[in-house]
Amino acid sequence: MTTDVFLRENERVDDLQRNHYKIIQDKERFCFGMDAVLLSGFARAQEGSGVLDLGTGTGIIPILMAAKTKAAHLTGLEIQDESADMARRSVKMNGLEERITIVTGDIKEAVSIFGAASFDVVTCNPPYMTEHHGLTNPEAPKAIARHELLCTLEDVISRSAKLLVPGGNFFMVHRPFRLTEIFVLLHNYRLEPKRMKLVYPFVDKEPNMVLIEASRGGKSGMKVEKPLIVYRSQGVYTDEIYDIYGY
């Protein structure tokens, strides 16, 4: 059951195909993509657990994980006021105020905001590009979402390590071209990689996304899962993608 909320100029409401949940988006700012949906399907949260999504944007990952898991509470941290406001209104529209909290704040300050070892699960769909990689307008909301202007990969991983309880799990989607850096940083901050899945747009193309799970203080040993192929043919998803989306 959804609750009516007001929309600002350029905003729209999209159906998430899960539990009748919907989300408010603004095409002029930044709309969620397949990477966020895939991360919400890859991430795991046990019944009763507390989940934090770093850089939550408009709240897509907490909302989808509220539909897909039995986590007790999900928190989204977002530095951009307008995106956090949209996320709060989406939470209210879906009647999820008891399960999801949106906090406006900086990832670099997350430990002081929430306290160390305060979450069982941390998720993140971070900016993929380094500061100067194809950057056009550094003040634009889309640039902030795509480029490491307000936080770096090390900021995300180092804070996640401190925010997780011992044995807690970190889930992230990123680009394969930064895998070496990702693994070095995970090792440096004692987040042991446990699962990895490469995502391919087509079966005969190179992977363009990677999904990673790491455990705080976990033992050595990682499972490389079978690849995820997005398209069977041009414009036609594979069955696994349809299942993740809930179609």
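I began just past helix H7, where Arg190 follows the helix with a positive phi, near 60°. Helices here are DSSP runs of H or I with at least four residues and strands are runs of E with at least two, both numbered from the N terminus.

Before going on, I noted that this is a predicted model, in which local features need pLDDT of at least 70 and side-chain atom pairs count only at pLDDT 80 or more, while totals for chains, interfaces and linings use all residues. Residues are numbered from 1 along each chain as its sequence is written, and side-chain values use heavy atoms, with hydrogens and water left out.

**Helix H7**

I looked up which residues of H7 (residues 179-188) are buried, and found Leu179, Ile182, Leu185 and Leu186. Buried means under 20% relative accessible area, exposed over 50%, and partly exposed in between, with a 1.4 Å probe and protein chains only. The four lie on the same side of H7 because they cover an arc of only 130° around the axis, the arc being taken from the directions from the helix axis to the C-beta atoms. On the other side of H7 I found Thr180 and His187 exposed. I then asked what the buried residues pack against, and noted helix H6 (153-163), strand S7 (164-174), strand S8 (191-200) and strand S9 (209-216), where contact means heavy atoms within 4.5 Å.

**Helix H6**

I turned next to H6, which is largely enclosed by the rest of the structure, because eight of its eleven residues are buried. The buried residues include Leu153, Asp155, Val156 and Ile157.

**Salt bridges**

My search of the whole structure gave 13 salt bridges, each a side-chain nitrogen of Lys or Arg within 4 Å of a carboxyl oxygen of Asp or Glu. In H6, Arg159 and Asp155 lie four residues apart, about one turn of the helix, and they form a salt bridge whose closest N and O atoms are 3.5 Å apart. Arg159 is partly exposed at a relative accessible area of 22%, whereas Asp155 counts as buried at 13% relative accessibility.

I also followed Lys197, which forms a salt bridge with Glu225 at 3.6 Å between the closest N and O atoms. This pair links distant parts of the chain, 28 residues apart, with Lys197 in strand S8 and Glu225 in the loop between strand S10 (223-224) and strand S11 (228-229). Both partners are buried, Lys197 at 8% relative accessibility and Glu225 with a relative accessible area of 14%.

Salt bridges that share partners join Arg8, Glu11, Asp85 and Arg89 into one network. Within it, the side chains of Arg89 and Asp85 meet at 2.9 Å, N to O, and both residues lie in helix H3 (residues 81-93).

**Rings**

Arg89 came up again: its charged end sits over the ring of Phe6, 4.9 Å from the centre, which requires NZ of Lys or CZ of Arg within 6 Å of the ring centre and within 35 degrees of the ring normal. The charged end of Arg195 likewise sits over the ring of Phe42, 3.9 Å from its centre.

I last counted six aromatic pairs, taking rings of Phe, Tyr and Trp (its six-membered ring) whose centres lie within 6.5 Å, with planes under 30 degrees apart called stacked, over 60 edge-to-face and the rest tilted. Tyr231 and Tyr237 are stacked, at 5.2 Å centre to centre and 25° between the planes. I noted that both belong to one aromatic cluster with Phe202, Tyr242 and Tyr245.
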